[in-house]
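Hi,

Here is the structure I promised to pass on. Have a look at it first, and my notes on what turned up follow below.

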Amino acid sequence: MALSGLAGVAMLIAHFQIPAHVPGDDSPPATITQFVLHHHAAVLATAWLQGFGPFPYVLFALGVVYLAGAMTRLAGWVTLLASAVILTLSLIDAAFTISAVEAVTHGHPATASVSFDLIDGPGNDAVGRVFLIAPPLLLPLGAVLLGSRLLPRAFGYTAVAFGAASIIMGLAALFSATAFSLAIILIIAESTWVLATAGTLMITSKPAPSPPAPSQPPPQAVGSRPSASPPQ
């Protein structure tokens with residue numbers, strides 16, 4: 001389960017790095033078209049990372065809920081809901097990325113520009129801004145940890161703080177391009193929290209010792225006879 005968290009963070013980092021030097025959505029359509037043509041495979045790869053990458057990320061969060069025994073608690077259900085929203089938005093983001101590639105390939109520059117505009121900044125990136133106003137995953141997950149003894153309470157308080165910061169940042173990003181640009185710092189901090197949590201779980205989780213085998217009475221020697229019962 002902890003490995004899912006590590007894989008999710010690794011795929012998230014790769015998604016932001018591949019391909020490099022992505023032009024802004026305020027670039028001319030010809031620039032966007034040439035970029036997509038020259039990085040066709042890389043753009044499709046990042047679409048896969050965006051579509052599938054959040055799955056191990058949320059699988060880690062749901063694993064924490066399970067280990068904390070919170071599957072039937074309200075915080076556990078809210079974590080499940082936030083996970084579903086993240087997966088849905090990630091697939092929408094991947095769909096627009098694929099749309100941009102296929103539109104360029106088939107000679108539809110207008111469709112490519114619109115698709116690119118919806119997933120890239122700094123002007124639009126509507127899908128990215130929706131990510132910020134979506135229910136924050138770490139807020140209910142922090143509540144789950146605070147209601148259990150799975151990890152030190154510092155992990156729970158930190159997760160709740162990150163979740164609250166996500167709500168504030170999401171609102172601010174709708175009105176401020178600076179706040180939207182600073183959101184990457186919050187994403188890095190949350191990813192660091194996931195890495196620390198996964199590492200702690202890997203260190204503290206030890207297999208339970210197997211119960212000792214029941215003792216057996218020593219075998220009797222061949223030819224020996226049991227002692228006689230005392231007279232009643």
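The protein chain has 10 helices and 0 strands, so you will find the pattern α-α-α-α-α-α-α-α-α-α if you read along the sequence. Bear in mind that this is a predicted model.

On the overall numbers: of the 232 residues in the protein chain, 39% count as buried. About 13200 Å² of the protein chain is exposed, with carbon and sulfur atoms supplying 72% of that. Taking the contacts between residues at least 6 apart in sequence, 73% join residues at least 24 apart.

Now the inside. The largest nonpolar core has 33 residues, and Leu 137, Leu 141 and Trp 193 have the most contacts within it. Helices H1 (2-17), H4 (54-67), H5, H8 (138-146), H9 (153-173) and H10 (177-204) each give two or more residues to this core. H10 provides the largest share, 8 residues. If you want one residue to click on, try Leu 141: leaving aside neighbours within four places in sequence, Leu 141 is in contact with Ala 61, Val 64, Val 65, Thr 79 and Trp 193. Apart from the largest core lies another one, of 9 residues, including Val 36, Val 43, Ala 103 and Ala 112.

H5 is worth a look too. This helix covers residues 74-105, which makes 32 residues. From first C-alpha to last, H5 reaches 47 Å, close to the 46 Å expected at 1.5 Å a residue. After H5 comes Gly 107, with a positive phi near 75°.

Shout if anything is unclear.

Cheers

Definitions and conventions:
Residues are numbered from 1 along each chain as its sequence is written. This is a predicted model: local features need pLDDT of at least 70, side-chain atom pairs count only at pLDDT 80 or more; totals for chains, interfaces and linings use all residues. Side-chain values use heavy atoms; hydrogens and water are left out. Helices (H or I, at least four residues) and strands (E, at least two) are DSSP runs, numbered from the N terminus. The expected span of a helix is 1.5 Å times one less than its number of residues. A nonpolar core is a set of buried Ala, Val, Leu, Ile, Met, Phe, Trp, Tyr and Cys residues joined through side-chain atoms within 4.5 Å. Buried means under 20% relative accessible area, exposed over 50%, partly exposed in between (1.4 Å probe, protein chains only). Contact means heavy atoms within 4.5 Å. Accessible areas come from the Shrake-Rupley method with a 1.4 Å probe; for residues, only the protein chains shown count as cover.
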